[in-house]
Amino acid sequence: MTREEQEIREQFPLICGSSEAYLDNAATTQKPQCVIDAVADYYKADNANPMRGLYALSLRATEAYENARTKATKLIGAEDPSEIVFTRNATESLNLVAYSYARTFLHENDEIIVAISEHHSDMLPWQDAAKAVGAKVVYFYCEKNGLYSADTLRSIINSNTKLVCMAQISNVFGRINPIKEFASIAHEYGAKFVCDGAQSVPHIRINVKELGVDFLAFSGHKIYAPMGIGVLWAKKDLLEAMPPFLSGGEMIEYVTLCGATYAEVPHKFEAGTVNASGAVGLAAAIDYVDSLGFDLIEERELALTRRALEKMADIPHVTVIGGETAEEHNGIITFKIDDVHPHDISQILSTDGIDARAGHHCAQPLHKYIGVMSSMRISLSFYNTFDEIDRFIESLKSVRERMGYGE
Ligand SMILES: Cc1ncc(COP(=O)(O)O)c(C=O)c1O
């Protein structure tokens with residue numbers, strides 16, 4: 001382990017000194033000590049129900065919660081913290097848009113374009129919303145290696161299209177999609193662009209203004225924060241026009257026996273007691289990521305990806321799904337081995353202390369489209385080491401033999 005790797009590893013208690021190689025970072029990430037401490041300190045020193053009390057403790061809790069909103073705003077290059085809605089995760093953020101925006105502003109015969117490689121979290125909410133209002137989902141197909149083209153988008157978009165929904169980075173291919181170009185095409189037709197940033201926000205520096213998207217969703221737990229805190233960013237005029245998703249405490253201005261007027265955004269969308277400790281953990285995670293810098297994160301993840309891809313290319317019967325270069329993968333390498341079921345591969349890797357993922361990765365329609373029942377995936381973080389990649393490769397090399405296939 002290099003000195004740099006050691007210094008990074010020391011920040012992560014669960015994996016520091018562990019012989020297990022955690023290569024499932026697209027599912028969730030490990031937490032640095034500063035995030036664990038921030039959550040513990042919040043409960044030790046500042047815990048009260050934010051926005052509910054006028055006493056000092058509640059004001060401190062409110063301040064801590066709102067501080068997280070400011071940090072999340074900066075993380076994604078937004079300017080106005082009131083455009084940040086805290087949710088549980090990316091799934092809830094996308095559902096919020098599907099329930100509140102799509103069910104209000106879409107009508108019969110409208111169309112929603114959804115990329116075929118989407119995670120179910122960015123597919124099912126649109127299918128459900130379309131059914132609810134009589135709209136239609138139109139799928140945006142990529143090449144079998146995950147490459148999307150503007151020409152294909154132009155061939156399916158029309159004046160009925162009201163939403164275009166796509167991940168910036170697919171959790172299967174790992175390729176960065178040209179969101180800026182696609183969002184601009186969507187806008188030419190008067191459609192809004194919903195970007196799923198679950199796999200991009202933790203790994204690349206992003207800027208919602210430059211991307212030109214209308215909505216962006218991501219999960220805290222994939223960017224080193226606790227589980228249970230997520231973010232929806234949306235342009236303020238859209239949030240203001242949208243009705244609440246959930247109703248109850250803290251999202252109102254005035255309640256009568258017949259109804260209510262609602263609080264200003266973003267509070268209109270944060271009904272009930274909020275996840276203050278999760279937000280505090282997210283703020284600490286953002287500080288941590290900022291202290292490392294995206295240059296280092298991107299550089300390390302690219303180098304680790306390159307090492308894995310180069311060595312995987314030399315193993316007979318292993319096929320990587322998606323692009324050929326490390327730049328097209330951003331730490332996500334999905335692959336298959338001839339004649340071996342991914343569950344068996346996963347079991348063998350696990351025996352060797354390698355945590356990798358087998359299945360359809362919540363992208364079943366994509367797997368059907370590319371003609372693969374299920375696949376294996378490793379997903380890397382800057383805290384992984386070259387040694388872990390090498391151990392993964394050694395284990396991978398032995399899989400077919402251990403399944404009784406010989407060489
Ligand atoms: C691309 C993508 N979108 C959405 C999600 C859903 O994230 P969560 O389960 O945190 O809501 C995931 C989770 O893996 C994902 O990879």
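## Helix 2

In helix 2, a DSSP run (H or I, at least four residues, numbered from the N terminus), the buried residues are Val35, Ala38, Val39, Tyr42 and Asp46; buried denotes 20 or more other C-beta atoms within 10 Å of a residue's own, exposed 12 or fewer, with C-beta atoms placed from the backbone. Viewed down the axis of helix 2, these buried residues fall within an arc of 95°, so they line one face of the helix; the arc is taken over the directions from the helix axis to the C-beta atoms. Tyr43, Lys44 and Ala45 are exposed on the face turned away from the buried side. Helix 3 (56–75) and helix 10 (276–292) are among the elements that cover the buried residues, contact being C-beta atoms within 7 Å.

## Model basis

This is a predicted model, in which local features need pLDDT of at least 70, side-chain atom pairs count only at pLDDT 80 or more, and totals for chains, interfaces and linings use all residues. Residues are numbered from 1 along each chain as its sequence is written.

## Domains

An automatic or database assignment gives domain 1 (3–30 + 293–402) and domain 2 (35–290). Their C-alpha centres lie 28 Å apart. The contact takes 24 residues from domain 1 and 26 residues from domain 2. On the domain 1 side, helix 11 (294–313), strand 12 (332–337) and helix 13 (364–369) each supply at least two residues, strands being DSSP E runs of at least two residues. Helix 11 gives the most to this side, with four residues.

Conventions. Contact = placed C-beta atoms within 7 Å.
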